Amino acid sequence: MKLSLVTVNYNSFEQTQSLLHDLDHQTDQDFDCVVIDNNSEKTDQQKLGQFGNRNWLSIIYNSDNLGFAGGCNVGIAHALKSSADYVLLINNDTNVDSNFIAELRQQMVGEGIMALPLQEGPNVAYAGQVKWLQPTLSHLHAPIDKDTSLLYAIGGGVLIHRSVFKKVGPLDERYFLYFEDADYSLRARRKGTPFRYLTAPIITHKISQSTKKLGSPIILRYHYRNMFMFNQRHAPWPLRIILPAWAFLGIVKQILKLILRP
């Protein structure tokens, strides 16, 4: 079974370098990895290019910043073209231990989507949970023993069998970042895709540096814009009816906060 890892870099070479260093020291080297650079600054791209001499590594430089969803789609297409049986989407601001690939390979059985546990500070996130009409999504910090319609595989660490992409298609690039992983899980579940929520191997997830560099007003915009789009597509119909009014009140609230804060 061929395994391909996909990660996205945006002006965050130090974080990507740390992950690639971990992959360089795996006990099981039977994998490949593609890094998608989302039109980072030239100095960041040059530093990233220094890692290009690994036989397991490919680097693709996008001419535009396609966001997390678009960047992942470029990597997924590359992996599938290279005959990958499983594709692991993994954030670049993560770390893994030396047995990560060996342990992951033991989970590569059957089709479907497998959510990997993410160490987030003192807690381990095993899945995400959808909350309707909320601009942010929450993570669950207890092992998942039963799949439900409101659970989703967190995009920072998710293993996907190639057959899923054939049935569901790529990530929705309109999201750019935020909500694209929840959207993909709900779309996949409607296609009858089986889900597994693993307890190992664990990925250590650091605080994202790429999104910080986009700026908080832009981040706020994506949270609310994507919440609206996500709920418009997936929420129960009574909530879709009140969505415009709820969104308007949310916008007014944020404007008042910006005006009144020091």
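Biologist: Over the face of which residue does Arg 221 lie?

Modeller: This is a predicted model, where local features need pLDDT of at least 70, side-chain atom pairs count only at pLDDT 80 or more, and totals for chains, interfaces and linings use all residues. Residues are numbered from 1 along each chain as its sequence is written, and side-chain values use heavy atoms, with hydrogens and water left out. A charge sits over a ring if NZ of Lys or CZ of Arg is within 6 Å of the ring centre and within 35 degrees of the ring normal. Arg 221 is 5.3 Å from the ring centre of its partner, Tyr 222.

Biologist: How many aromatic pairs does the structure hold?

Modeller: Rings of Phe, Tyr and Trp (its six-membered ring) pair if their centres lie within 6.5 Å. Planes under 30 degrees apart count as stacked, over 60 as edge-to-face, the rest as tilted. The number of aromatic pairs is seven.

Biologist: What is the angle between the planes of Phe 13 and Phe 51?

Modeller: Both residues are buried (under 20% relative accessible area; exposed is over 50%, partly exposed in between; 1.4 Å probe, protein chains only). Their centres are 6.0 Å apart and the pair is tilted, at 55°.

Biologist: Is the pair of Phe 195 and Tyr 197 stacked or tilted?

Modeller: Phe 195 is buried at 11% relative accessible area, and Tyr 197 is buried at 10%. Their centres lie 6.3 Å apart, with 20° between the planes: stacked.

Biologist: Which residue has its charged end over the ring of Phe 195?

Modeller: Phe 195 also pairs with Tyr 197. The charged end lies 4.4 Å from the ring centre of Phe 195 and belongs to Arg 189.
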